[in-house]
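Please look over the sequence and the structure shown below before reading on. The paragraphs that follow lead through selected parts of the chain.

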Amino acid sequence: MHKYIVLIVILISLLDISKGGKPVKEDNKFPNSNIYVKLKKETDKLQYEILKGSQSLQVVTFDNFITSNDLQLTPSGTLQVTDGTSSIEFELVRSTSSITHVRVIRNNVTVNTQPMDCVDLNMSNLHWYGGPEDTYQYWPIERLTFDDYAYLTKEDHHAALAERYWLNSKGIFFYIEAETPLFITQNTKGYENKLCFSAKNSLPYNTRVNGRRFVYHIGYAVNAKVAHMHAVRLLLGHPSSHPDERMAQYPIWSTWALYKQQINESIVREFASAITSNGFENSQIEIDDNWESCYGSLTFNKSRFPSMKTFAEELKEKGFRVSLWIHPFINKNCEPYYSEALSKGYLVLDHNKSPDTQWWNSKKGEAAFVDFTKNEVRNWFKQRLQRLQTEDGIDSFKFDAGETSWVPSDPVLAGDPALSPHQFTQAFVRTVGTLGPMIEVRTGQGTQDMPMFVRMLDKDSEWGWNNGLLTLITTLLQMNMNGYPFVLPDMIGGNGYYKKIPNKELFIRWLQANVFMPSLQFSYVPWQYDNETIEISKKFTKLHADYTPQIIERFKLATRTGEPVNPPLWWVDPEDKVAQGIFDQFLLGNSIIAAPIVKEGETKRDIYLPKGTWRDGNNKELHTGPIWIMDYSAPLDTLPYFEKID
């Protein structure tokens, strides 16, 4: 009998070898688990494979790590392999029936090296989510292209959010720790259909840090929803509270897109009067660029706003709250504020002790960035904002910029040098985030816990993937799946840059796309078009207000569990392969599907409904999914949407 058992074992081993591999060795297994790490050679590259029993979970290719050594079990229970100079360590973080979570660690990344680990995007079978905010915000994100891309918040690529997190439709996530000087490569020559993570001790990171680390996490779950919620709990975090409810219910009215810098008390008064006389509600009126006496003074220009306190009281009597656009720069010609901040050490300096930088309201080298990494600077800046509230009657603030690309190159920042410079974004957001529930920012890095609206970076008055209306939905999904559920969409109709003003059709379709998002923000106004636009706009601002209870319900759930407010369509059914690829529909919670028209000239569209019973919000017909509704009629006054009733 024993002879037969031995023979069976030998045959199984030979079968494994015939399949192109060898049996996983026991010393490649994490203690007290059935999780293995296996090294294998693929052409000229070394790979590692994570297995759960005999099931392969994920394969990762080392782009430039070669060794003939095998994995060794360390006394601490990790698995380690070395090439004689450096080592890679695998740590089992968690192993349950639903989740496998492994941490991959390189300590002491040597100078002049760039270790790179690559995963196959497998575009024919998988979709990918997360990654950075991008100008061409494709969704899913496997179509994006990056070439040795420094992974920081920055103006370039519209990367105001740069969370180090990727998730695929199979239920696998990657998360790279903050001290890693991360660069990514995706879909470039030699790396087609690949997503590669690498560490490089070079600018824009602090090159003076010794013993750089390259540390990332791989999680595998039964589906993408389970994987994501595990990442939220252990890695991303979620909001501690939610922002102002009135900002969710009624529109924000901003001066920016309509008036740009041509504002004064008279223009703002006329703007406010037009809002009320045309019968629209408001959450607040937002005074944008060019209210200051000079950029960085945080004091009103008296020729434009001679008595702001009185004017603010006038606006409040009309039912408006008043918010103010704020930036973190001080221009050199803004005296005595610039010299005072420089002498006190309140500005970001580079390692040559120069504060010189540039932003869109300065010339090169003619501005400086306030250093929020210093505690005394944070207090000083907040006190100046609080003075605007007490002395000028301002209720709250819209904060602009904050990305790392605005600081001088090679900056000297307080705190952990291994986090420089992306610690700056976090310091900025955490400083301003203490100023109440009406705050809005446009950037974030590791700040998912803050109870504030995060605004999409400026959208253009376009239709397509070129930072237009289509990317309103995809950016909403990207932000939610990076752990930022309180999304403030940009101006309805876009910003009108390059003198390209949104036409009536674009304006109305943009508003419709906003309805089931957390907030509405107008600057271009319905009455600049015609009476039909006014009536359609009232219809959809009311529809948004009517569904605010559901929005707030999701706000509160996000603070408890971290679930997205506006998840992608597959959130209803993570196994639905059709839903996994949908980019022009989105959910409010688990029960409302929005399917707006986002293509110019179209008055019908195809709509996909995942499993469940769905009631048409317009004609009340019932549909049982999964199902395609083809050629759904949606003239200019119609927004297709569906509510789940089962």
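With which residue does Asp288 form a salt bridge? The partner of Asp288 is Lys398, and the closest N and O atoms of the two are 2.8 Å apart; a salt bridge here is a side-chain nitrogen of Lys or Arg within 4 Å of a carboxyl oxygen of Asp or Glu. Asp288 lies in the loop between β17 (284–287) and α6 (308–317), while Lys398 belongs to strand β22 (residues 396–399), so the pair ties together parts that are 110 residues apart in sequence. Helices (H or I, at least four residues) and strands (E, at least two) are DSSP runs, numbered from the N terminus. Both Asp288 and Lys398 are buried, where buried means under 20% relative accessible area, exposed means over 50%, and partly exposed lies in between (1.4 Å probe, protein chains only).

Some conventions apply throughout. Residues are numbered from 1 along each chain as its sequence is written, and side-chain values use heavy atoms, with hydrogens and water left out. The model is predicted: local features need pLDDT of at least 70 and side-chain atom pairs count only at pLDDT 80 or more, whereas totals for chains, interfaces and linings use all residues.

The salt bridge just described belongs to a wider set, for a search of the whole structure finds 31 salt bridges. Another of them joins Glu403 to Arg442, with the closest N and O atoms 2.8 Å apart. This pair links distant parts of the chain, 39 residues apart: Glu403 is in the loop between β22 and β23 (411–412), and Arg442 is in the loop between β24 (440–441) and β25 (453–455). Glu403 is buried, because its relative accessible area is 0%, and Arg442 also counts as buried, at 3% relative accessibility. Glu403 and Arg442 take part in a network of salt bridges that also links Glu155, Asp400, Glu440 and Arg455.

A further salt bridge connects Glu462 with Lys500, whose closest N and O atoms are 3.0 Å apart. Here, too, distant parts of the chain are linked: Glu462 is in the loop between β25 and α10, Lys500 in the loop between β26 (487–488) and α11, 38 residues apart. Glu462 is partly exposed, with a relative accessible area of 21%, and Lys500 counts as partly exposed at 41%.

The account now turns to helix α11. Nine of the 11 residues of this helix (residues 504–514) are buried, so α11 is largely enclosed by the rest of the structure. Among the buried residues are Leu506, Phe507, Trp510 and Asn514. The buried residues of α11 pack against α10 (470–480), β27 (521–522), α12 (531–546) and β28. At the N-terminal end, Asn503 caps α11, with a side-chain oxygen 3.3 Å from the backbone nitrogen of Glu505.

The strands offer another view of the chain. An open sheet of eight strands follows the order β4-β5-β6-β7-β15-β12-β11-β9, with antiparallel pairing. Its edge strands, β4 (72–73) and β9 (128–130), each pair on one side only; two strands pair if DSSP finds at least two bridges between them. Strand β9 is joined by three bridges to β11 (residues 165–168), and the two run antiparallel. Trp128 has Asn168 as its bridge partner in β11.

Nine bridges join strand β30 (residues 604–616) to strand β31 (residues 622–633), again antiparallel. One partnership is that of Thr613 with Thr624 in β31. The two strands form a hairpin with five residues between them, and Lys620 in the turn has a positive phi of about 70°.

Two loops complete the tour. Thr188 lies in the loop between β13 (182–186) and β14 (194–199). Thr188 is buried, with a relative accessible area of 12%, and touches Thr145, Phe146 and Asp147, not counting residues up to four places away in sequence; contact means heavy atoms within 4.5 Å.

Val578 and Ala579 may be taken together. Val578 lies in the loop between α13 (548–561) and β28 (586–588), and Ala579 is found in the loop between α13 and β28 as well. Val578 is partly exposed, with a relative accessible area of 34%, whereas Ala579 is buried, at 1%. Ala579 touches Leu569, Trp570 and Tyr608, not counting residues up to four places away in sequence.

Note on methods:
Polar contact = N/O pair within 3.5 Å; in protein donor to acceptor, adjacent residues only side chain to side chain.
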